[in-house]
Amino acid sequence: MARYGIVPRSEPINAVIFQGTPSQLINLPAFIKGAIAILAIGIGFGYASSQWPVPWFIPVLAVLLVLGGVGLAYLQVNFTEFEIDVERITCRKGILNRTVQSVELFRIQDVTSVRPWWQRGTVTLLKVAREM
């Protein structure tokens, strides 16, 4: 087990443990739905244009709307940033209006996870909190 040195509280500690954005993999359902919608628009336009005179700009507008929705999902994830340091967890998100949420970690002293062998699917957390 690693042993950590004791640092007096008079010295500021701002060591960043993690800083980054979420993966775009969480947008995979939106990307798949967008691809299916564009495919359906193409098939629908192909069928409709063989039956009736359909202007070319109608499917183009539909595809642009689908791409706009997929692009918005992409930008929402791209403009989300997490930062974890020794004193707080901070989440910054928003494209035009930025919001910052922060959780101070000064109260948590010790967290223990207890999982007996018969309860491997569940977790019991024991938290000891104390103000410093």
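**Figure 1. Helix H2 is the main contributor to a nonpolar surface patch.** In this predicted model, helix H2, spanning residues 57-78, gives the most to the nonpolar patch, with six residues. The patch covers about 780 Å² and is made by Ile38, Trp56, Phe57, Ile58, Val60, Leu61, Leu64 and Leu67. If you are looking for Ile38, you will find that residue in helix H1, which covers residues 28-51. Ile38 is partly exposed, and its relative accessible area is 30%.

**Figure 2. The buried residues of H2 line one face of the helix.** Take a look along H2, which has 22 residues and reaches 30 Å from its first C-alpha to its last. That span is close to the 32 Å expected at 1.5 Å a residue. Four residues in H2 are worth picking out here: Pro59, Val70, Ala73 and Val77 are buried. Seen down the axis of H2, its buried residues fall within an arc of 55°, so they line one face of the helix. What do we find on the face of H2 turned away from its buried side? That face carries the exposed residues Leu64 and Leu65. Leu64 also belongs to the nonpolar patch of the previous view. As for the buried residues of H2, what covers them includes H1.

**Figure 3. Helix H1 has buried residues whose cover includes H2.** Now for the partner helix. H1 has 24 residues, and from its first C-alpha to its last it reaches 35 Å. At 1.5 Å a residue one would expect 34 Å, and the model comes close to that. Which residues of H1 are buried? They are Gly34, Ile41 and Ala48. H2 is among the elements that cover these buried residues of H1, just as the cover of the buried residues of H2 includes H1.

**Figure 4. Glu83 and Arg92 meet in a salt bridge.** Moving on to the charged side chains, we start with a pair whose side chains meet at 3.5 Å, N to O. Side chains of opposite charge can pair when their charged atoms come close. Is Glu83 buried or exposed? With a relative accessible area of 15%, Glu83 is buried, because buried means under 20%. Arg92, in contrast, is partly exposed, with a relative accessible area of 26%. The pair does not stand alone: Glu81, Glu83 and Arg92 are linked in a network of salt bridges.

**Figure 5. Arg88 meets Glu87 and Glu104 in salt bridges.** With Glu87, the side chain of Arg88 forms a salt bridge at 3.7 Å, N to O. With Glu104, the side chain of Arg88 forms a salt bridge at 3.4 Å, N to O. This second pair links distant parts of the chain, with Glu104 in strand S4 (residues 99-104) and Arg88 in strand S3 (residues 88-93), 16 residues apart. How accessible are the partners? Arg88 is partly exposed, with a relative accessible area of 25%. Glu87 also counts as partly exposed, at 23% relative accessibility, and Glu104 counts as partly exposed at 43%. A search of the whole structure finds four salt bridges.

**Figure 6. Thr90 is a buried residue of strand S3.** Staying in strand S3, this view centres on Thr90. Thr90 is buried, with a relative accessible area of 6%. Which residues does Thr90 touch, not counting residues up to four places away in sequence? The list is Glu81, Phe82, Glu83, Val100, Gln101 and Ser102. You have already met two of these: Glu81 and Glu83 are linked with Arg92 in the network of salt bridges.

**Figure 7. The close-ups in the setting of the whole protein.** To place the views above, it helps to step back for a moment. The protein has two helices and six strands. From the N terminus on, its elements run β-α-α-β-β-β-β-β. How much of the protein counts as buried? Of its 132 residues, 11% do. The protein exposes about 10800 Å², and carbon and sulfur atoms supply 65% of that area. Among contacts between residues at least 6 apart in sequence, 40% join residues at least 24 apart.

Notes
Residues numbered from 1 in each chain as written. Predicted model: local features only at pLDDT ≥ 70, side-chain atom pairs only at ≥ 80, totals over all residues. Heavy atoms only, no water. Patch = residues over 30% accessible without salt bridge, like charges linked within 9 Å, V, L, I, M, F, W, Y side chains within 5 Å. Areas by Shrake-Rupley, 256 points an atom, 1.4 Å probe, with all protein chains shown as cover. Buried < 20%, exposed > 50% of the residue type's maximum accessible area, 1.4 Å probe, protein only. Expected span 1.5 Å × (residues − 1). Arc of directions from axis to C-beta. Contact = heavy atoms within 4.5 Å.
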